[in-house]
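User: I'd like to learn how to read a helix and a chain contact in a model. Could you walk me through it?

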Amino acid sequence: MTGLDLAFLATGAVTIAAALLAVTTRHLVHSALWLVLSLGGLAGCYLVLGAELVALVHVLVYVGAVVVLVIFALMMTRAPIGPSPLHATSRLHRALAAVLGAGVSTLLLAVLIPLAGEQPVPRRPVDSTQIAGELFGTWVWPFEALSLLLLIALIGAFTVSRLAGAAPQEPR
Amino acid sequence: MIHLALPYAVAAALIGIGTYGVLARRNAVLVLIGIELMLAGAGLLLITAGAIGQDRWQAGNVLTLFVITIAAAEVVLALAVIIAVFRARGSIDITEAAHEPASEAAAGAS
């Protein structure tokens, strides 16, 4: 048990606990807020593993943009404040889902734990200039394709919301 | 020095929790939160694999950045579709497809 192990244990415990609460709470808005804590804990995990740039981008994109979008969507779909029994699932449904989720975790653990090995590895912090060099060298075409993907997503989201606004008026 | 079993365990747990969230929720936005958790677990897996060493092209870090970008694009489109569905039927319950007339009436009332 090294110091980095303890640090990772702390951030990982925060991540897992917040993720569990995010998928089990009955308050819709609390679910989004627990997601913030879980993703923030995950950024801490990235920091402990030495990926500083990824941790920063993760906080910017997820906590700054994705969760804000989720909260906007909850508000625009008139999510009630307080616990909502409206979308509650039955106990059997949740038990089956829990069994399947635990099964997925167990399968992944069975594959991954032997890969990890017994010996600890040294932490190698990655310089952002290294990442930039590879990103604009080796990975430049996937990078360009992703910028195109973002543009398409922007136009697509705009089109979907415009079409949906126009559609219900036609039959009447 | 860090043991890699811990990050792998956290990633596997995140993916399992995300699966539970996708399967156990009926509100479409909450299903999306489960998908976000699964993508987060995938990112942690990539970073951990990159931390082992012999990461010649910084693939662990760069691919995680790509996954984050794709997740952002995915969440934008998914929320646009969810809001469009809410406008059309007045509900974002993903199990409600079976009884169409009831949701039509709800959309008319709202």
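Analyst: Happy to; we will take a helix, then a contact between chains. This is a predicted model, where local features need pLDDT of at least 70, side-chain atom pairs count only at pLDDT 80 or more, and totals for chains, interfaces and linings use all residues. Residues are numbered from 1 along each chain as its sequence is written, with chains lettered from A and ligands numbered from 1 in the order in which they are written.

User: What span does helix α1 of chain A reach from its first C-alpha to its last?

Analyst: Helices are DSSP runs (H or I, at least four residues), numbered from the N terminus. The expected span is 1.5 Å times one less than the number of residues. Helix α1(A), residues 3–24, has 22 residues and reaches 32 Å, close to the 32 Å expected.

User: Which residues of α1(A) are buried, and which are exposed?

Analyst: Buried means 20 or more other C-beta atoms within 10 Å of the residue's own, exposed 12 or fewer, with C-beta atoms placed from the backbone. The buried ones include F8(A), T11(A), T15(A) and V23(A). They line one face, because the buried residues fall within an arc of 135° (directions from the helix axis to the C-beta atoms). On the other side, G3(A), L6(A) and A13(A) are exposed.

User: How many residues does the contact take from each chain?

Analyst: Residues are in contact if their C-beta atoms, placed from the backbone, lie within 7 Å. The contact takes 79 residues from chain A and 64 from chain B. On the chain B side, α3(B) gives the largest share, 23 residues.

Definitions and conventions. Helices (H or I, at least four residues) and strands (E, at least two) are DSSP runs, numbered from the N terminus. Two residues are in contact if their C-beta atoms, placed from the backbone, lie within 7 Å.
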